[in-house]
Amino acid sequence: MTISNSQLSINPQNGFCSKTQIYHSLRPPYPLPPQSTPFSITDFILSLPKTTTTTTGASIIDATTRRFIPYSDVPLLVRNLAASLRQPPLSLSNGACAFVICPNSANLPILYLSLFSLGVVVSPSNPASSIQEISRQLRLCKPAVAFATAESANKLLEVGFPNPVVVIDSNEFESMMRTKPNGSETKIEVLQSDTAAILYSSGTTGKIKGVKLTHRNMISTIAGANFGRQDRSSPAVYLCTVPYFHIYGLGLCMRLVAFGESLVSMARFDLRLMLTSIEEFSVTHLASAPPVVVGLVDGDNDHLVNRTNWSSLENVLCGGASLTMAVIDKFKKRFPTVSLLQAYGLTETTGGVSRIAGPYESTIAGTVGRLIARCQAKIVDPNTGVGLPPMSHGELWLRGPFIMKGYVDDKEVSDTMVDSDGWLRTGDLCYFDNEGFLFIVDRLKELIKYKGYQVPPAELEHILHTHPDITEAAVIPYPDEKAGQVPMGFVVRRKGSTINETQVKDFVAKQVAPYKKLRRVRFIDSIPKNAPGKVLRKELIKMALSDSDVTSKL
Ligand SMILES: CC(C)(COP(=O)(O)OP(=O)(O)OC[C@H]1O[C@@H](n2cnc3c(N)ncnc32)[C@H](O)[C@@H]1OP(=O)(O)O)[C@@H](O)C(=O)NCCC(=O)NCCSC(=O)/C=C/c1ccc(O)cc1
């Protein structure tokens, strides 16, 4: 075996190559199917060995309806449903798009797997989205069919969706899964390079964008997540509090089906239901976002948390946004035997690209873990473009087989986000330490994170500017202990206008999903800008904090 010069300059402690300034993963590479082999994400998931599944009865469990689907039934349900969707009247086939507007349920992973197996592009959306948001998403993904619940189907009616809508909490859907349709169909060939899903993200510029993820992208992240899974005498039981319409929940549910680990979900997050479910289903892993961890250590919830039996819980996974050190410390004191494992990922990277594996890594406070296998990173000085060594702060760039195919109908922004060498600019300010652990320092992109959801200030500013009484507006992130950040608007009123805070908030709230609502408003005489006219958000943030009591909590 020959060792190349660049391999020689890779530091085995942290993966940093001093010649190329590239950080390499410290995890062993996993096998991937040859790129040219037709292989859908469903083929991959169903082909993985599930050693413990059938003997121990692992299943997909819906904590809200108390329905469960044993994993031993999953391949048949997926095949039946796919066969049914291929037949008239839907006649779904390779390349068609399905808009899915559903809260978490046991049926949803089955639906995803069936659609993927047909090469149908899955485009999941938040059922709490506003009519305007849904309209924009429909324009982007051009679906031939939509899947909804009896409740969310009303929104499709409101937007005048012209194509068929299948209700997944109905008896008809149940029988599509349970009954084998007549006739045998040939398998549809799905290429790994085909788009598997279109998810919605703000990118770095603010307007909702459709992120195209391929089957290969999804196969890579699932294969990468296999590292560090413990051998266990009984299968892990995950409680997923995050939604399957974002990559965190979607990736997690696919990965758990792939490995045959029990998956408990809730239609909507509810702290009480989460706590009773942990006891009832002997949950070992809780998949969460920061507000859930904050809720667990919040004194106001002591009466609920104290009467829960925590003995089964081993790990709390946390992603979507950063936790503060204060919350991490409180969690460790409160749950000394539970590991708090932060991970980091983006929709554009098909989810998690760094995570913590094993007992040693879980002792490193504040890190979002080490790069998954096949992931390369650079820490780039935002001013000079130069790659930086460990312990230096810069923008995180990422490369690997899980980087998105691009944004729907937006080549220009796709090319800005991913350069010709395949590097994705994350817009996050980060550093690696001397052992290859990644730390998130700040956000360079103008994005607010409310409860782990993206809120682009530009989108809210655009809405504010359409109000006849508002001449200028700017939106900033305002720190909040429970939600992480809340959107705050600075508003310049038209001369003589008496519009008040509530009216401004209501005006925005009617047009956006609830997580994007303006939670604070301040009136101001003019918006500070630099010479070329760019809003000086940092100035506004300083102003917002200077006359409040939050500075000490930052
Ligand atoms: C479980 C959370 C943390 C808390 O739940 P909640 O407090 O009940 O909030 P909801 O999300 O259900 O709802 C937000 C707001 O919308 C409201 N709402 C809700 N549905 C309705 C309704 N149908 N009608 C009307 N009002 C409603 C709801 O009441 C609430 O209002 P408010 O109390 O004023 O905040 C929830 O916010 C949550 O799942 N957050 C995470 C979101 C998320 O998945 N983000 C990931 C994006 S992708 C990414 O970053 C990937 C990272 C990643 C990292 C690592 C990995 O390994 C992989 C991936």
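**Close-up 1. Arg 537 and Glu 446 meet side chain to side chain in a salt bridge, 3.1 Å from N to O.** Everything here and in the views below comes from a predicted model. This pair links distant parts of the chain, 91 residues apart. Arg 537 belongs to helix α19 (residues 537-546), while Glu 446 sits in the loop between β23 (438-443) and β24 (448-450). The two ends differ in cover: Arg 537 has a relative accessible area of 14%, so it falls under the 20% limit and counts as buried. Glu 446, at 34% relative accessibility, is partly exposed. Zoom out a little and the pair turns out to be part of a network of salt bridges that links Glu 446, Glu 461, Lys 534 and Arg 537.

**Close-up 2. Glu 280 forms a salt bridge with Arg 66.** The structure holds 20 salt bridges, and in this one the closest N and O atoms are 2.0 Å apart. Glu 280 is in helix α11 (residues 271-280) and Arg 66 is in the loop between β3 (59-62) and β4 (68-70), so the contact ties together parts that lie 214 residues apart in sequence. Buried or exposed, or somewhere in between: what is Glu 280? At 44% relative accessibility, Glu 280 is partly exposed. Arg 66 is partly exposed too, with a relative accessible area of 47%.

**Close-up 3. Asp 298 pairs with Lys 482 in a salt bridge.** Here the closest N and O atoms are 3.4 Å apart. Asp 298 is in the loop between α12 (290-297) and α13 (302-306), and Lys 482 is in the loop between β26 and β27, so this pair ties together parts 184 residues apart in sequence. Asp 298 is buried, with a relative accessible area of 17%, whereas Lys 482 is partly exposed at 49%.

**Close-up 4. Strands β26 and β27 form an antiparallel pair joined by a hairpin.** Strand β26 covers residues 470-480 and strand β27 residues 484-493, with 10 bridges between them. How many residues does the hairpin use to get from β26 to β27? The connection runs through 3 residues. One spot to look for along the pair is Pro 477, which stands opposite Pro 487 in β27.

**Close-up 5. Strand β10 has bridges to both β9 and β21.** Strand β10 (residues 209-214) is mostly covered, with 5 of its 6 residues buried. Strand β9 (residues 195-201) runs antiparallel to β10, and 6 bridges join the two. Within that pairing, Leu 199 has Val 211 in β10 as its bridge partner. Strand β21 (residues 406-407) is also antiparallel to β10, this time with 2 bridges. Lys 212 finds its bridge partner there in Gly 406.

**Close-up 6. The largest nonpolar core takes in 97 residues.** Which of them touch the most other members? They are Leu 85, Leu 111, Tyr 112, Leu 115 and Phe 147. Helix α10 (residues 247-259) gives the most to this core, contributing 9 residues. Centre the view on Leu 111 and, leaving aside residues up to four places away in sequence, its contacts are Leu 81, Leu 85, Val 100, Phe 147, Ile 168 and Phe 173. Another core, of 34 residues, lies apart from this one; among its members are Ile 463, Ala 473, Phe 490 and Val 521. As a general point, nonpolar side chains in soluble globular proteins tend to be buried together.

How values were computed: Residues numbered from 1 in each chain as written. Predicted model: local features only at pLDDT ≥ 70, side-chain atom pairs only at ≥ 80, totals over all residues. Heavy atoms only, no water. Buried < 20%, exposed > 50% of the residue type's maximum accessible area, 1.4 Å probe, protein only. Helix = DSSP H or I, 4+ residues; strand = E, 2+ residues; numbered from the N terminus. Pairing = 2+ DSSP bridges. Core = buried A, V, L, I, M, F, W, Y, C linked by side-chain atoms within 4.5 Å. Contact = heavy atoms within 4.5 Å. Salt bridge = Lys/Arg side-chain N within 4 Å of Asp/Glu carboxyl O.
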